[in-house]
Amino acid sequence: MMKIFKLLFNFFLLFSLNLKAQNVVWQENDYFMIESGEIQKYALPENKKSTFVDKANLTPKNSNSPIEPKSFAFSEDGNKILIFTNTQRVWRQETRGDYWILDLKTKAITQLGKARPASSLMFAKLSPNGQMAAYVSERNLYIEDLKTQKISPLTQTKGKIINGTFDWAYEEEFDCRDGFRWSPDSKSIAYWQIDATKIKDFLMINNTDEIYAKNIPVEYPKVGESPSACKVGVVNIATKKTIWMNVPGDPQQHYIPRMEWANNADELIIQQLNRKQNESKLMYCNAKTGVSRTFYQEKDAAWIDVRNSWSYGNIEGWDWVENGKSFIWVSEKDGWRHIYKVSRDGKNETLLTEGKYDIQKILNVDIANDFIYFMASPENATQSYLYRTKISQVNKAEKVSPAELSGTHNYRISDNGKYAFHNFSNYFTPRVSEIIALPSGKPIDEAKSILTNQKPQKKDVEFFQVTTTDGTTMDGFIAKPQNFDPKKKYPIVFYVYSEPAGVVVTDVYGVDRNRLYTGDMAADGYIYAALDGRGTPAPKGRDWRKSIYRKVGIVNIRDQAMGALAMFKKYDFIDTSRVAIWGWSGGGSATLNCLFQYPEIYKTGISIAAVANQLTYDNIYQERYMGLPQENKEDFVNGSPMHFVKNFRGNLLYIHGTGDDNVHYQNAELLINEMIKYNKQFQFMPYPNRSHGIYEGEGTTLHLSTLYTKYLKEHCAAGGR
């Protein structure tokens, strides 16, 4: 649910993608970054910096102002740079803008898509032969000849037919955005076409920007509604004709979250999921005839994850190894998330990461050195380390992260597998970064290494485990107040998420910081804590993650409540009369459910942008974890906070943005109606025309944190007693 709030829940992992590494472009042993409006080059191993593209190079002819690059990419021959600028947000990310081509030999800089509306181009890519560019503009796919700048449409549909990109639900829940792929021979383009014609618009209301209110329609398939029909086509660049892939099954009852060229120009490889997302089929599709054939299948009693869940949100790419004879795949079929090598025909597979542990993420497939690099933490689910294993043979995975550094690591590995940005943190060590060489894992400069420059801080934070009355062992952290007196009792504030999109108990610096609290919670006398229960994506095996299936709002909530009771027994300095809980999005839903289902435990709650009724959320997310409401509607009802409103007897501050395209403001009004029905008094704060993140508009962030802090202090008094 709600990918924007993966950023909150996984902020502990995102620390590692430091600003340097986020916008890095690798070229052999060099890396390039945008700094102060210019492109800088860093040559390794010396890490020598030089200006590669200056502002003069970025200034178009007959202009006095340079363009300001947001991101860039090299052509395959390295002679041109494609520059993205004037970007605008499309739902979550800035994927729409203007593109320019800089010829590194002639220094000429030219704009793509001049005939198209400003800032309307999406996902521009140069052809492999460097002669053309392709991009999406206003839901259609175009190509442009780089010599003549002639623009030709490849699709010319109107209305709710979407070519080369995706609708709201595909983007939000599969991380699908870029929806086309150049063929290796530059003669054709494979692309998705989404038909959202039958998808109802959810109407948001903008009351603030004009005197008369304005409807904002969002193509949004609610749970139980059929998704957008999806198909894949291959368009010939010369003829502009599309051959549609003949993929079996009703296109409105299946998803195609992955599609790539199958390591040649004649064949595509796709992944198809059924509507419930518990059956996966891999197919080859003939690019010239459209004939498809299934060669690999997998089923799960709950759901099957797709690539974005094990590749840092990256849905693109297919990792071919052994000269295209095999590819890398990830599955939980043996009860753990493991890496497999699958033969091209799908008949043979080899388990490459054998053992009772989960891989967390794949970072790099280094064919030249026969390594797959991946993150894992077999001994401690709150941490993360770099491992590698062989591609060619089964062997025990080797830990690459330094043994001396216990905590959370992350890496950005170069395309050629020779270098990596390495970041490290734990709860008492602020983030430290270095560049390492691979396969040795050693820093390129010992004087600038993490081991040399780490600066541990004194932190009164404890990581612990508790086992509930149900026999579930949960990870947690607890941050004690300053000047802690074990003879006193202190109020506790729980931070919660508890759904499959993220974890909150991770061993990183800042885990004890409440970003919405104005001031210092520890100095004011609060305990801050969190628990991760079943259903969260912790590396604890398939059963841990999927025990929540059809029980969202039940299993995860009971784990939170029983975990809290176990903590009360473990820590006698917790004042059980002053227990608060807060969360955002899925965590907002959990906050409501904890307050309503276990009012004897939780006295005060602050819930933000919650799903009050599971039947209001999008089909891809909710059906993945709950099934189809046509078959088990009672599960959706029984797990929704609205179902338990009558039990509420504490303090609640509820907050929601009226312009939330993700968890619709509708949820707030449904909740309010139910609270009115049972005469339940609470405080409510709508933020006009703000989205799911509630950050737009002058003063919004300060107002939200001030409101949060004031309410907490008034209803869950600080300090030891």
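Here are some questions and answers about this predicted model.

User: Let's start with the open sheet of four strands: which strands stand at its edges?

Analyst: Good place to begin! The sheet runs in the order S20-S21-S22-S23, with antiparallel pairing. An edge strand has a single partner strand, so one side of it is left without a neighbour in the sheet. The strands that fit this are S20 (254-261) and S23 (292-299).

User: Which residue in S23 does cysteine 285 stand opposite?

Analyst: Strand S22 covers residues 279-286 and pairs with S23 in the antiparallel sense over seven bridges. Opposite cysteine 285, in S23, you will find serine 292.

User: Is threonine 467 buried, partly exposed or exposed?

Analyst: You can find threonine 467 in strand S35, residues 461-467. Buried means under 20% relative accessible area and exposed means over 50%. Threonine 467 has 48% relative accessibility, so the verdict is partly exposed.

User: With which side chain does the side chain of threonine 467 make a polar contact?

Analyst: Leaving aside neighbours within four places in sequence, threonine 467 is in contact with Thr472, Thr473 and Ala566. The polar contact between side chains, at 2.9 Å, is with threonine 473.

User: How are the rings of phenylalanine 32 and phenylalanine 52 arranged as a pair?

Analyst: The count of aromatic pairs comes to 46. For phenylalanine 32 and phenylalanine 52, the ring centres are 4.9 Å apart and the planes are at 65 degrees. Planes over 60 degrees apart count as edge-to-face. The angle of 65 degrees therefore makes this pair edge-to-face.

User: Which parts does that pair tie together, and how far apart are they in sequence?

Analyst: Phenylalanine 32 lies in strand S2 (residues 30-35), while phenylalanine 52 lies in strand S4 (residues 48-53). The pair therefore ties together S2 and S4, in parts whose separation in sequence is 20 residues.

User: What is the relative accessible area of tyrosine 708, the ring paired with tryptophan 582?

Analyst: The ring centres of tryptophan 582 and tyrosine 708 are 5.2 Å apart with planes at 80 degrees, so this pair is edge-to-face. Tryptophan 582 lies in strand S39 (residues 574-584) and tyrosine 708 in helix H13 (residues 700-715). Tryptophan 582 counts as buried at 3% relative accessibility. Tyrosine 708 is buried as well, with a relative accessible area of 0%.

User: Over the face of which residue does arginine 258 lie?

Analyst: Two charged residues are worth a look here. The charged end of lysine 459 sits over the ring of tyrosine 509, 4.9 Å from its centre. Arginine 258, at 4.0 Å from the ring centre, lies over the face of tryptophan 318.

Definitions and conventions. Residues numbered from 1 in each chain as written. Predicted model: local features only at pLDDT ≥ 70, side-chain atom pairs only at ≥ 80, totals over all residues. Heavy atoms only, no water. Pairing = 2+ DSSP bridges. Helix = DSSP H or I, 4+ residues; strand = E, 2+ residues; numbered from the N terminus. Buried < 20%, exposed > 50% of the residue type's maximum accessible area, 1.4 Å probe, protein only. Contact = heavy atoms within 4.5 Å. Polar contact = N/O pair within 3.5 Å; in protein donor to acceptor, adjacent residues only side chain to side chain. Phe/Tyr/Trp six-rings, centres within 6.5 Å; stacked < 30°, edge-to-face > 60°. Lys NZ or Arg CZ within 6 Å of the ring centre and 35° of its normal.
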